[in-house]
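Reader: I should be grateful for a close look at one part of this model, taken from its pairing partners down to its side chains. Please then follow the account outward to whatever other local features merit a description.

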Amino acid sequence: DLFVEWLEHSERYVWVRLECDDTGALDDVVARTSSGSFESRQVKFSTAPESPDDPWTWEALTLREPGSKGTLKRSLLMKWADGYDQTTAQGSDCHAQIVTNRLAAPELAAVLSTGHVQLALVPEPHRAGIISQLGDEVRARRFFDAVEFVLGQPSYEDYEERLRKRFISLGGLDSGWPELKDRVRSWVRKRNQPPPDGAISLQHVRSAAGWRELQSLDQDFVVPRDYVLPSVRFHDSLLA
């Protein structure tokens, strides 16, 4: 999605990294914008988003499961808040998105405004629990102000088809789409790819997608029997 957006707006980003280790749990897609800020997209897709048990609740987002040493693991909210702090510690603002095909349970939907949680509207005891996990109210508000919950996205197949159509409408080739997907998989699997540090440039994206690369002319053609060489005057004027 972000790469297609980048092809649409070539000046928007400086680089993009996938599985970015130094941004904690907001590491799936991290982009440096031309203004110097960060954009992070954390993807949490479900295989059964329409299931009655699947919508995100406050219980699911704040659940702390037992760890192997008797301690409690961090909840999703705690991981994301830590990742946000890690990213902004690098000296730049960060706008983060949690992207999912899951729906919001009524209790979560009721406190969302343009994708952002309005902490003051969260009823007790959930509000107290959230503040306790995130340390204090100031940190909780800062996190929710910066992090957008993009819920109810299409299924993987529908999502990809929508992106493919955008890609083709921009002038991309049908053959370029699978090539770009394969390269993205490689960048995800292999650390620090492309070298030296995994920072993907727009040229990397264009090259992976076969974007407007010059093609050699076919040299295998038949010269008609009635072909006549251009006149010297035409030749000289064309060169001029």
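Author: Two strands are said to pair if DSSP finds at least two bridges between them. The model under discussion is predicted, and the part chosen here is strand 3, which spans residues 38–43.

Strand 3 has a partner in strand 4 (residues 94–99): six bridges join the two, and they run parallel. One of these pairings sets Phe 38 opposite Cys 94, its bridge partner in strand 4. Strand 3 is also joined to strand 2 (residues 29–33), in this case by four bridges and in an antiparallel sense. Here Val 29 has Arg 41 as its bridge partner in strand 3. Strands 2 and 3 form a hairpin with four residues between them. Within that turn, Gly 36 shows a positive phi of about 100 degrees.

Phe 38 has a further relation beyond its bridge to Cys 94. Arg 32 lies over the face of the Phe 38 ring, 4.5 Å from the ring centre.

Gln 42 also belongs to strand 3. What is the relative accessible area of Gln 42? The value is 6%. Because buried means under 20%, Gln 42 is classed as buried. Its polar side chain has backbone partners: the side chain of Gln 42 reaches the backbone oxygen of Ala 25 at 3.1 Å, and the backbone nitrogen of Asp 28 at 3.2 Å. With neighbours within four places in sequence left aside, Gln 42 is in contact with Ala 25, Leu 26, Asp 27, Asp 28, Trp 80, Gln 97, Ile 98 and Val 99. One of these contacts, Trp 80, leads on to the aromatic residues, for Trp 80 forms one aromatic cluster with Trp 56 and Phe 149.

Cys 94, the partner of Phe 38, raises the matter of disulfides. A search of the whole structure finds zero of them. The sulfur of Cys 20 has its closest cysteine sulfur in Cys 94, at 10 Å; a disulfide requires the two sulfur atoms to lie within 2.5 Å, so this separation is too far for a bond. Cys 94 is accordingly in no disulfide, and its nearest cysteine sulfur is that of Cys 20. Both residues are buried, Cys 20 with a relative accessible area of 2% and Cys 94 with a relative accessibility of 7%.

The aromatic residues deserve a further remark. The structure holds 10 aromatic pairs. Among them, Phe 167 and Trp 177 form a tilted pair, 5.4 Å centre to centre with 50 degrees between the planes. Phe 167 lies in helix 7 (residues 156–169) and Trp 177 in helix 8 (residues 176–189), so the pair ties together parts that are 10 residues apart in sequence. Phe 167 and Trp 177 are both buried.

A charged residue elsewhere may be set beside Gln 42. Arg 127 is placed in helix 5 (residues 126–134) and, at 18% relative accessibility, counts as buried. A polar contact of 2.9 Å joins its side chain to that of Glu 137. A polar atom of the Arg 127 side chain also lies 3.4 Å from the backbone oxygen of Leu 119. Apart from neighbours within four places in sequence, Arg 127 is in contact with Leu 119, Ala 120, Val 122, Glu 137 and Arg 141. Val 150, by comparison, is 23 residues from Arg 127 in sequence and 21 Å from it in space, C-alpha to C-alpha.

The backbone remains to be considered. Most residues other than glycine have a negative phi, and most peptide bonds are trans. The peptide bond from Glu 124 to Pro 125 is cis, with omega near 5 degrees; Pro 125 lies in the loop between strand 6 (116–117) and helix 5. Another cis peptide bond joins Pro 195 and Pro 196, with omega about 10 degrees. Pro 196 is in the loop between helix 8 and helix 9 (202–208), as is Asn 192. Asn 192 has a positive phi, near 60 degrees, and at 38% relative accessibility counts as partly exposed. Thr 114, which is not a glycine, also has a positive phi, of about 50 degrees. Thr 114 is found in the loop between strand 5 (112–113) and strand 6, where, at 68% relative accessibility, Thr 114 counts as exposed.

Conventions:
Residues numbered from 1 in each chain as written. Predicted model: local features only at pLDDT ≥ 70, side-chain atom pairs only at ≥ 80, totals over all residues. Heavy atoms only, no water. Buried < 20%, exposed > 50% of the residue type's maximum accessible area, 1.4 Å probe, protein only. Polar contact = N/O pair within 3.5 Å; in protein donor to acceptor, adjacent residues only side chain to side chain. Contact = heavy atoms within 4.5 Å. Phe/Tyr/Trp six-rings, centres within 6.5 Å; stacked < 30°, edge-to-face > 60°. Lys NZ or Arg CZ within 6 Å of the ring centre and 35° of its normal.
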